[in-house]
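Work through the exercises below with the sequence and the model open beside you. Each one sets a task and then gives a solution in steps.

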Amino acid sequence: TISPNDPADDVVVDDDAAEAQEAAAVVVVEDDEEAAKRPELPPAAKLNDDGTVTLTLSKKVTITVKKGTKVAEESYTTLTFRELTGLDRRVVSQAPESQQEVLFVARSTGITSPRMNAIWDKLGMRDIKRIEKVATFLSE
């Protein structure tokens with residue numbers, strides 16, 4: 001308890017060193033929540049003037065495409081992504097869960113689903129992780 005009649009309990013240390021120590025312990029932290037939430041593109045990706053993102057793959061992916069009697073090889077060193085629409089989201093959500101990720105990328109790149117399935121199977125995991133970052137960037 002504090003008694004106004006008992007000045008012996010009122011001890012104040014007036015020391016410049018203690019004050020300096022308190023001042024030194026003050027740390028100013030700037031909290032920019034927007035910057036922390038903002039997704040970033042991976043270093044291998046480039047934001048294009050039209051809002052699309054071009055991702056350079058870590059290694060070239062080659063697939064064989066058969067159309068009718070013609071057989072041709074297609075090689076991919078980059079993939080260019082656009083922002084998806086509500087229609088894209090509905091189409092992807094109607095696909096079986098095991099196919100949604102690849103269909104999502106196919107719709108964003110404009111590559112047909114059969115081609116993207118073949119490309120996806122040959123992509124390295126680092127490229128798949130980069131694709132996920134690009135998708136997050138385009139959806140935020």
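**Exercise 1: The strands and their pairing**

A45 stands opposite L55 in β2, and this pair is a starting point for working through a model that is predicted. Task: establish which strands pair, in which sense, and over how many bridges.

Step 1. The residue pair just named belongs to the pairing of β1 (residues 45-47) with β2 (residues 53-67), which is antiparallel and runs over 3 bridges.

Step 2. The hairpin of β1 and β2 has 5 residues between the strands, and in this hairpin G51 takes a positive phi near 95°.

Step 3. Strand β2 also pairs in the antiparallel sense with β3 (residues 70-81), here over 11 bridges. Two of the residue pairs can be looked up directly: T56 stands opposite T78 in β3, and S75 in β3 is the bridge partner of T62.

Step 4. In the hairpin of β2 and β3, which has 2 residues between the strands, G68 takes a positive phi near 70°.

Step 5. To place these strands in the whole chain, note that the protein has 6 helices and 3 strands, and that they follow the pattern α-α-β-β-β-α-α-α-α along the sequence.

**Exercise 2: Two residues of one strand**

Task: decide whether L57 and T62 are buried, partly exposed or exposed, and list what each of them contacts beyond its neighbours within four places in sequence.

Step 1. Both positions belong to the strand discussed above, since L57 is found in β2 and T62 lies in β2 as well.

Step 2. L57 has a relative accessible area of 7%, and it is therefore buried, the cut-off being under 20%. T62 has a relative accessibility of 22%, so it counts as partly exposed.

Step 3. With neighbours within four places set aside, L57 is in contact with Y76, T77, T78, L79, L123 and D127. The C-alpha atoms of L57 and T78 are 5.4 Å apart, although 21 residues separate the two along the chain.

Step 4. For T62, the contacts on the same basis are E73, E74, S75 and K122. T62 and I119 are 57 residues apart in sequence, while their C-alpha atoms are 7.5 Å apart in space.

**Exercise 3: From strand to helix**

Task: describe where R126 sits, whether it is buried or exposed, and how far it is from S58 in sequence and in space.

Step 1. R126 lies in helix α6.

Step 2. The relative accessible area of R126 is 54%, and R126 is therefore exposed, for which the cut-off is over 50%.

Step 3. R126 and S58 are 68 residues apart in sequence, but from C-alpha to C-alpha they are 7.7 Å apart.

Step 4. For the protein as a whole, residues 24 or more positions apart account for 51% of the contacts with a separation of 6 or more.

**Exercise 4: The largest nonpolar core**

Task: identify the residues of the largest nonpolar core that touch the most other members, and the elements that supply it.

Step 1. This core has 22 residues, of which F81, I119, L123 and I131 touch the most other members.

Step 2. At least two residues come from each of β2, β3, α4 (97-109), α5 (113-122) and α6 (125-139), and the largest share, 6 residues, comes from β2.

Step 3. Apart from neighbours within four places in sequence, F81 is in contact with T52, V53, L55, V105, S108, T109, I131, V134 and L138.

Step 4. As background, nonpolar side chains in soluble globular proteins tend to be buried together. In this protein of 140 residues, buried residues make up 24%.

**Exercise 5: The largest pocket**

Task: give the volume of the largest pocket and describe its lining by position, element and residue class.

Step 1. The volume is about 290 Å³.

Step 2. The lining has 19 residues, and those closest to the centre of the pocket are L84, F104, S108, A135 and S139.

Step 3. Two or more lining residues come from each of α3 (86-94), α4 and α6, and α6 gives the most, with 6 residues.

Step 4. Sorted by class, the lining consists of 10 nonpolar, 4 polar and 5 charged residues.

Conventions. Residues are numbered from 1 along each chain as its sequence is written. This is a predicted model: local features need pLDDT of at least 70, side-chain atom pairs count only at pLDDT 80 or more; totals for chains, interfaces and linings use all residues. Side-chain values use heavy atoms; hydrogens and water are left out. Two strands pair if DSSP finds at least two bridges between them. Helices (H or I, at least four residues) and strands (E, at least two) are DSSP runs, numbered from the N terminus. A nonpolar core is a set of buried Ala, Val, Leu, Ile, Met, Phe, Trp, Tyr and Cys residues joined through side-chain atoms within 4.5 Å. Buried means under 20% relative accessible area, exposed over 50%, partly exposed in between (1.4 Å probe, protein chains only). Contact means heavy atoms within 4.5 Å. On a 1 Å grid over the protein atoms alone, a cavity is a set of points where a 1.4 Å probe fits but cannot get out, and a pocket is an open set with protein on both sides within 12 Å along at least five of seven lines; lining residues have an atom within 4 Å of a point. Grid points are joined across faces, edges and corners, and a volume is the space filled by probe spheres set on the points. Ala, Val, Leu, Ile, Met, Phe, Trp, Tyr, Cys and Pro count as nonpolar, Asp, Glu, Lys and Arg as charged, and the others, Gly among them, as polar.
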